[in-house]
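This report covers aromatic contacts, one loop residue and the main pocket of a single protein model. The sequence and structure come first.

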Amino acid sequence: MNKAIDSLSLKSKAMLSSSGAKKFYSSLACILLGLLVGFIILLCLSPMDAAFEFFTMITGGLLYFKVDGIFSILTRAAPLICCGLSICFAYKAGMFNIGAAGQYVIGVFGSLFFALYVKAPWYVCILMAMFFSSIYAAIPGFLKSFFNVNEVISGIMLNWIGLFFVNYSFQTYLSSCVDVTKGSKTFAITKVNPSAAIPDFGLKSSLSVYFNIAIFIAILVAIIIYLILNKTTLGYRIKASGMNRHATRYAGMNDKASIMSSMAISGALAGLGAALYYLSGIEEWSVQASSALPALPWNGIVVAFIGQLSPIACIFTAIFTTMLSVGARAMTQTIFPAEIADLITGIVVYLSGLTNLFFMLLTKYVFEREKPIHKVKKGAN
């Protein structure tokens, strides 16, 4: 019995001191330090209101929104999970997919074109958004594979090309999809084509106006991506290519195919995020001649790096980031503007660059001390 208890204790200690556990501690330390800095900023703005408003922000405004707040956070977190997965998957292949914003916009086009113009059901709209975005993401992958063009440069250029293409298309050839009486926004999905809205199985009216199955789709996709990366030969080839593409080529693997496939899957994930957002009926796409790219895919970079590039961790970091942004809008706006959440998440992201430092400090000063020191006796063979 004592041996079994000792064995269980050793296993639990090994689990708590594993590399994955240390990464979790490092990320948690960065988040807590970022929140502390954010709280200090709130104290500087208004010491009397800082504590209550800070609590409102980190709880996602649940104090005010209650049940609706929970489902609002989950619905908005679903596309953010997918965008985080997009960055994570490409990074495993050694690619920094900064073009995820453009792929997201192309996903918007694919989903809304089939929803408002073709009048297709929701699952077809999602598949088409993923297909369009994967093709668009394969472009920087192709340029990287065959011409060694840096994916950051080509991705940034393609971001703006995608944005202007989508806006121009909706303004001209697809103007029937745009309601000019509402500031040139696309028509609401629920009014034009209810079959394109992500289903809620009749629970929206009873649970919350924000309820749909988008969050379950996103979580399922995160699990699938985790299994692909860790349990399949495709995932092994992609990660090996990310470590050293020349070594994988020497070993007989097709490094070009690995790069292109990883970028295509990464783009499909960004397109899925766009479809989950705009088919949920949260808001409509605003058609403008020139505008900034949507903020949501950029926040996917935040989610991926705070989550230590882990597909499962992306679920929790996306929910955390969404809680901050939703909660910031529940704060007293006359005292604390909603942009304070972006400031705090920016600080957290900045500190996430120090995760390796926290990792080394934990390893050196916490876990190494627990290792037993075996002394060698003099004269021993």
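## Aromatic cluster and ring pairs

Eight residues make up one aromatic cluster in this predicted model: Phe-109, Phe-113, Phe-114, Tyr-117, Phe-131, Phe-132, Phe-165 and Phe-170. Across the structure there are 19 aromatic pairs. A pair of aromatic rings is described by two quantities, the distance of the centres and the angle of the planes.

For Phe-114 and Phe-132, the ring centres lie 6.1 Å apart and the planes stand at 75°, so this pair is edge-to-face. It joins distant parts of the chain: Phe-114 belongs to helix α5 (residues 100-117) and Phe-132 to helix α6 (residues 122-147), with their positions 18 residues apart in the numbering. Phe-114 has a relative accessibility of 15% and therefore counts as buried, the cut-off being under 20%. Phe-132, at 23%, counts as partly exposed.

Tyr-168 and Tyr-173 form another edge-to-face pair, because their planes meet at 80° with the centres 6.1 Å apart, and planes over 60 degrees apart are classed that way. Tyr-168 is partly exposed at 45% relative accessibility, whereas Tyr-173 is exposed at 65%.

## Ser-280

Ser-280 sits in the loop between α12 and α13. Its relative accessible area is 11%, so Ser-280 is buried.

The side chain of Ser-280 makes a polar contact of 3.4 Å with the side chain of Asn-212. Leaving aside residues up to four places away in sequence, Ser-280 touches Asn-212 along with Thr-75, Ile-198, Ala-214 and Ala-275.

## Largest pocket

The largest pocket encloses about 920 Å³ of space. Several helices contribute two or more residues each to its lining: α4 (62-92), α12 (255-278), α13 (295-306), α14 (311-328) and α15 (340-352). Of these, α4 supplies the largest share, with 6 residues.

In total, 35 residues line the largest pocket. Those nearest its centre are Arg-76, Tyr-277, Glu-283, Ala-295 and Arg-329. Sorted by class, the lining consists of 17 nonpolar, 10 polar and 8 charged residues.

Methods. Residues are numbered from 1 along each chain as its sequence is written. This is a predicted model: local features need pLDDT of at least 70, side-chain atom pairs count only at pLDDT 80 or more; totals for chains, interfaces and linings use all residues. Side-chain values use heavy atoms; hydrogens and water are left out. On a 1 Å grid over the protein atoms alone, a cavity is a set of points where a 1.4 Å probe fits but cannot get out, and a pocket is an open set with protein on both sides within 12 Å along at least five of seven lines; lining residues have an atom within 4 Å of a point. Grid points are joined across faces, edges and corners, and a volume is the space filled by probe spheres set on the points. Helices (H or I, at least four residues) and strands (E, at least two) are DSSP runs, numbered from the N terminus. Ala, Val, Leu, Ile, Met, Phe, Trp, Tyr, Cys and Pro count as nonpolar, Asp, Glu, Lys and Arg as charged, and the others, Gly among them, as polar. Rings of Phe, Tyr and Trp (its six-membered ring) pair if their centres lie within 6.5 Å; planes under 30 degrees apart count as stacked, over 60 as edge-to-face and the rest as tilted. Buried means under 20% relative accessible area, exposed over 50%, partly exposed in between (1.4 Å probe, protein chains only). A polar contact is a pair of N or O atoms within 3.5 Å; within protein, one must be able to donate a hydrogen and the other to accept it, and residues adjacent in sequence count only if both atoms are side-chain atoms. Contact means heavy atoms within 4.5 Å.
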